[in-house]
Amino acid sequence: MLKSMTGFAAVTREDDRATISVTIRALNHRYLDLQLRVPQALAAVESDLRTLVAKRLACGRVELSVSVQISQTPGVDVEFNEEFGNALSSALDQARARGLITGPLAPGDLLRLPQALTIRERQATDQDEEARADVAARVREAVEQALSELDAMRGREGAQLRTDLDQRRSAVATLVERVAAAADEGRAALEARLAERVRELRAGLQADKNAVAQEIVRTAARSDISEEVERFRGHVAHWTALVDGPEPCGRKLDFLLQEMNREVNTMGSKADGLRVSELVISAKAELEKMREQVQNAE
């Protein structure tokens, strides 16, 4: 199945507990390269998110960002340092007795003294743990939805990519058939030229007619490209099977294009004919365009 490696999706879910936002962006890359950004409080689900991505995507540079805004503010406990407070009160009494200061200690004065008050986040209760687990589950659901939307977008782009590649594949296949026809004409013309030249030379030479005919056939056979044409046709059939299959096929198509290009190169070096070179150049140009497009396929 042909899918594009590029795509984007964004999902936002909001309820009475939290607002969850997920954005995912996929770019071209030879292997799966996941860049994951999640809040520190959700570090425990990071491995689950990586597994979800790996199940959906085979390759590409993927940037997944998750943000969570909790609707309820967590409770806190404030503790007063009595030992410090007693020492501070005693010191202030001595200062008043000497006339150095006047007036009582105000609450604002304590807030300016970090040793006086300790503020801690309240210990999580069973209810808090349940809420945290619920938020984590909702994050997984949001990521799964974002991956589904990303996959749908990549599928649409892959369909457009396949349309272009199918047209180019058909054009290349037609060019190769024309190369084969031109090569057959060139081989027949070569045999005729060789036969005519031999007839001109035989007047002054003593040679076996059958041996000369066999040598002409062997010389002309060196330009035979029927094997290369058949292998190319097999590659075209294999291409169709790959893009119709359920598995990602980008890398396999890239390899197949290399093999198709190799066959066309061999045809160009072996075949003889007036139109062969022009047709081979056109086929190679189309194959290069196809290879550029395949780089975008998963």
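Two residues are in contact here when they have heavy atoms within 4.5 Å of each other. With that in mind, welcome to a predicted model, in which local features need pLDDT of at least 70 and side-chain atom pairs count only at pLDDT 80 or more, while totals for chains, interfaces and linings use all residues. Residues are numbered from 1 along each chain as its sequence is written, and side-chain values use heavy atoms, leaving out hydrogens and water.

Let us start at F232, which touches V172, A173, V176, M260, E263, V264 and M267, leaving aside residues up to four places away in sequence. A nonpolar core is a set of buried Ala, Val, Leu, Ile, Met, Phe, Trp, Tyr and Cys residues joined through side-chain atoms within 4.5 Å; buried means under 20% relative accessible area, exposed over 50%, and partly exposed in between, using a 1.4 Å probe and protein chains only. In the largest such core, which has 33 residues, F232, W239 and L253 touch the most other members. Two or more residues each come from α4 (126–201), α6 (226–244), α7 (250–270) and α8 (276–294), helices being DSSP runs of H or I with at least four residues, and strands E runs of at least two, numbered from the N terminus. Helix α4 gives the largest share, 9 residues. A second, separate core has 26 residues, among them A26, L49, V135 and V143.

What about the cysteines? C59 is buried, at 9% relative accessible area, and C249 is buried too, at 1%. Counting pairs of cysteine sulfur atoms within 2.5 Å as disulfides, the total is 0.

Finally, look at V78, which lies in strand β5 (residues 76–80) and is exposed, with a relative accessible area of 55%.
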